[in-house]
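Welcome! Here are some short exercises, each followed by a worked solution that you can trace in the viewer. Take a look at the structure before you begin.

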Amino acid sequence: MAERSKRYLALKAKIEPGKLYDPESAVRLLKEMASTRFNETVEMALNLGIDPRQSDQQVRGTVVLPHGTGKTVRVLVFAQGEKAREAQEAGADYVGGEELVEKIQKGWFEFDAAVATPDMMRIVSRLGKILGPRGLMPNAKTGTVTFDVAQAVREIKGGRIEIRNDKFGNVHLPIGKASFTEEQILDNFYAALDAVVRLKPPAAKGRYIKKIVLSLTMSPGIPVDVNTALARMEKRAA
């Protein structure tokens, strides 16, 4: 195991062993931990009570964070004709068809999200083995295969993120930057939590959200009390 830096160990010492923090206290502590020279990402990790080996227990969807992620997202759109024009006007960074497919096949990946109109999936499908493992393949379930490309581009650039469990039943989400205010981070936190709750597979049994951890890019994780987080999420929605 790699040795931890003095800075990391000093930050870890701020976290009380065995304590589960309420979301507000966890975010307050995160803000105190922000001490790098760059604007760290606030990351939310959830361990879910699902069996990721089962196709009917996959958690997949999207959420638009109220305050965005703080990151500039480069959006590529596979479209033609009028839809290509709509994508460009909405702010897409790259718009095209066959030429973009060929460019990606040659190793170009200068984009963070991809959208495609349904009629373009005939050629985009050739990129499945390339974009799929990178989480960049357009998919109707996440709203990235759509004729409403303008709305998709605006939402992605405005803070829409994908929710998708990994093979261990975990979900990892960027919910802001260290420079955000505590209230902005909390707004994003509760929006993301609500989205994950709504995506619970009907086939999942028992406790759905088992653990929640908040961290910065270069900080240790702060365990969050799940019951408190869910109760306050519901109170906010009331």
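S219 is buried, because its relative accessible area is 9% and buried means under 20% (exposed is over 50%, partly exposed in between, with a 1.4 Å probe and protein chains only). This is a predicted model, in which local features need pLDDT of at least 70 and side-chain atom pairs count only at pLDDT 80 or more, while totals for chains, interfaces and linings use all residues. Residues are numbered from 1 along each chain as its sequence is written, and side-chain values use heavy atoms, with hydrogens and water left out.

**Exercise 1. Find where S219 sits and list what surrounds it.**

Step 1. Go to the loop between β8 and β9, where S219 has its place. Helices (H or I, at least four residues) and strands (E, at least two) are DSSP runs, numbered from the N terminus.

Step 2. Look for contacts, meaning heavy atoms within 4.5 Å. Not counting residues up to four places away in sequence, S219 touches Y8, L11, L30, M33 and E40.

Step 3. Now turn to the side chain of S219: one of its polar atoms lies 2.8 Å from the backbone nitrogen of L216.

**Exercise 2. Work out the strand order of the open sheet of 4 strands, and name its edge strands.**

Step 1. Use the pairing rule: two strands pair if DSSP finds at least two bridges between them.

Step 2. Follow the pairs across the sheet, and the order reads β7-β1-β8-β9, with antiparallel pairing. β7 and β9 each pair on one side only, which makes them the edge strands. From one strand to the next, the twist averages 25°.

Step 3. Add the helix: α9 packs on this sheet and touches β8 and β9, and its direction makes about 90° with that of β8. Axes here are lines fitted to C-alpha atoms, for helices over the stretch in contact, and angles run from 0 to 180 degrees between N-to-C directions.

Step 4. Check one pairing in detail. β1 and β7 are joined in the antiparallel sense over 7 bridges, and A45 stands opposite H172 in β7.

**Exercise 3. Which residues touch the most other members of the largest nonpolar core?**

Step 1. Define the core: it is a set of buried Ala, Val, Leu, Ile, Met, Phe, Trp, Tyr and Cys residues joined through side-chain atoms within 4.5 Å. As background, nonpolar side chains in soluble globular proteins tend to be buried together.

Step 2. Among the 42 residues of this core, L46, F189 and I212 touch the most other members. Elements giving two or more residues to the core include α2 (23-33), β1 (41-48) and β8 (209-216). The most comes from α8, with 8 residues.

Step 3. Zoom in on F189. Leaving aside neighbours within four places in sequence, F189 is in contact with P23, M44, I175, I212, L214, V224 and A229.

Step 4. Look for another core apart from this one: it has 17 residues, among them L100, V101, W108 and A114.

**Exercise 4. How many aromatic pairs does a search of the whole structure find?**

Step 1. The search finds 3. Rings of Phe, Tyr and Trp (its six-membered ring) pair if their centres lie within 6.5 Å; planes under 30 degrees apart count as stacked, over 60 as edge-to-face and the rest as tilted.

Step 2. For W108 and F111, the ring centres are 5.4 Å apart and the planes are at 40°, so this pair is tilted. W108 is buried, with a relative accessible area of 14%, and F111 is buried too, at 3%.

Step 3. For F189 and Y190, the centres are 5.1 Å apart and the planes are at 80°, so this pair is edge-to-face. Both residues are buried.

Step 4. Link the pairs: Y94, W108 and F111 form a cluster.

**Exercise 5. Describe the surroundings of strand β3 (residues 75-78).**

Step 1. Check the faces of β3. V75 and V77 on one side and L76 and F78 on the other are all buried, so both faces are covered.

Step 2. Place β3 in its open sheet of 3 strands, which has the order β4-β3-β5 with parallel pairing. The twist averages 15° from one strand to the next.

Step 3. Match the partners. V77 has V115 in β5 as its bridge partner, and F78 has G96 in β4.

Step 4. Finish with helix α7 (residues 149-158), which lies across β3 and β5, running at about 165° to β3.

How values were computed:
Polar contact = N/O pair within 3.5 Å; in protein donor to acceptor, adjacent residues only side chain to side chain.
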